[in-house]
Amino acid sequence: PAPNPLSRLPVAIEIKSLALSDFQLWTVGATQPTVIVPNAALKGSWIGHDVKIENLSADYAPIGKAQLSGRAKLSDEGVDIAALDVTAPAMLSAKGFVGYDKASDLALSWRDLRWPLATVDPQAPPIVTSSQGEATLKGAWDDLRFTLATALGSTAKVRGEGRWNGELDARLSWTGLGWPLVQAQPTEAKIVESARGQLAVKGLPEHYEFDLDADLLAQKQSGVVQAQGSGSTESVDLGLLRLTVGKAVVEAAGPLTWAPKPAGSLKGRIAHLDPGLFAAEWPGDINGEFEVTGDPAPGELPALRFRIGLHDSKLRNYPLRLDGEGQYVDEVLQIARLEVQSGGSQLSASGRASAPYDLQAQLVSLKLQELAPRLAGSAQVTASFKGTVEQPHLVADADIARAAFGDYAVKSAELTADLDWNGPLTLDLKTTGLAVGVAIDELTLTGRGTRGEHTLKLDANSREGQV
């Protein structure tokens, strides 16, 4: 076994005053110092087995002024800490015995803890705060038990206990947990809250098991989240993931891998999901299933395939059905099929959804109000989009009648367009009864040529005049 740390010096050391200024630590090849300490000071002693630090202080820009004081007695069995206090900028304290081969019995406490320690933006709140907390460590290093009790964020109280005997066996419970943990303003609403919950974890990072059970409050709707499974640093196998909010239920199960390459087989279902919880103008009752699978061969880029199907659903009181499937292979998103039917309106799309794009879409709707709020009229549209956003090629044919969106309306519109960034341009648009802040009885727009050389012709008749 390795020898225990030194418990006493052959001579007594007492430092009345030691000061350091303008200290800089440079690493090899650096263009600026890694650590800058403008000022530091030490007063303390090590006499026999007794170590006493009356003051150890330093100015360090990321956290400000840090101070440490403490008293301890060293022995061959361990360190008996009478007192240890650190301010940097939180206040941390420790007291008790830390054994080498003998069992430890250590108590820790803190106040005003925050992360990040440094205040980068005075207007931005820290991500995590703990106004106060305490922890204990008891036992030998190969059979160590611990407890935790702390305030977290603005309202949360967290308690935990566990054991380390070659692997972790820990349990956490909480009340009043929410996100964000710290609100920028006292009146700021939390995105999600959990009045109570518990999490159990057992194992090692290379193989662990977990069990989560917590209630939720989101968008003023109460719910529960449950998760059980096992995992490693590269994957997780969900035995169950279940989320309920209001009447909605979302369930999923299956293995997922993120390293060395994404893979897995996740299957799930959606029941009675109301989009109106998140967007008031889109109430509904969504039901369906989804599946994501992937198993790339060695040396290949990620290959993920997905499928989603919604049935027996309603959106804005219109019957809704959706069927979609596709894949993500070699960093390319390919939509094999996407078909949406809302009421009697049908929308379909397919093609490559990554640059360079090659997408096709078709819309047939006798009642556009079935597709979105404040929309009315009828439309038949076919369109394709190729190329990139910077160099697009758009082809569209549209026939629209008695359409309206908010304050805008058109009695009829016919469009034929072939707009190629690197080729010929063709545009034919004819409308009647156009209302866009001004009433235009008839409008005709034609265009021919190329991006660099083209002609446009506009004819418009309105009560205000003729163009």
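## Contacts along the chain

A contact here means heavy atoms within 4.5 Å. By that criterion, residues 24 or more positions apart make up 30% of the contacts in the protein chain that have a separation of 6 or more. Keep in mind as you look around that this is a predicted model.

## Overall architecture

What does the secondary structure of the protein chain come to? The tally is zero helices and 30 strands. The radius of gyration of the protein chain is 33 Å, whereas the globule rule gives 23 Å for 467 residues, so the chain is more spread out than a compact globule. Along the principal axes, the C-alpha atoms fill a box of roughly 100 × 50 × 50 Å.

## Surface and charge

How much of the protein chain counts as buried? The share is 27% of the 467 residues. The chain exposes about 28500 Å², and carbon and sulfur atoms supply 58% of that area.

Turning to charge, the protein chain carries 43 positive and 57 negative charges. The mean positions of these two sets are 5 Å apart.

## Two cis peptide bonds

Two prolines are worth a visit if you are browsing the backbone. The peptide bond from Trp179 to Pro180 is cis, with omega near 5°. Pro180 sits in the loop that links strand S11 (168-179) with strand S12 (192-204).

Further along, the peptide bond from Ala355 to Pro356 is also cis, with omega near -5°. Where is Pro356 found? Its place is the loop between strand S22 (345-352) and strand S23 (357-365). In both cases, then, the proline of the cis bond belongs to a loop between two strands.

## Two aspartates with positive phi

Next come two aspartates with notable backbone angles. Asp22 has a positive phi of about 55°, although it is not a glycine. This residue is part of strand S1 (residues 13-25). Is Asp22 buried or exposed? Residues count as exposed when their relative accessible area is over 50%, and Asp22, at 62% relative accessibility, therefore counts as exposed.

Asp312 gives a second example: its phi is positive too, at about 50°, and Asp312 is not a glycine either. Asp312 lies in strand S19 (residues 303-315). With a relative accessibility of 69%, Asp312 likewise counts as exposed. Both Asp22 and Asp312 thus pair a positive phi with a position in a strand and an exposed status.

How values were computed. Residues are numbered from 1 along each chain as its sequence is written. This is a predicted model: local features need pLDDT of at least 70, side-chain atom pairs count only at pLDDT 80 or more; totals for chains, interfaces and linings use all residues. Side-chain values use heavy atoms; hydrogens and water are left out. Helices (H or I, at least four residues) and strands (E, at least two) are DSSP runs, numbered from the N terminus. The radius of gyration is taken over C-alpha atoms; the globule rule is 2.2 Å times the number of residues to the power 0.38. Buried means under 20% relative accessible area, exposed over 50%, partly exposed in between (1.4 Å probe, protein chains only). Accessible areas come from the Shrake-Rupley method with a 1.4 Å probe; for residues, only the protein chains shown count as cover. Lys and Arg count as positive and Asp and Glu as negative; His and the chain ends are not counted. The place of a charge is taken as NZ of Lys, CZ of Arg, CG of Asp or CD of Glu.
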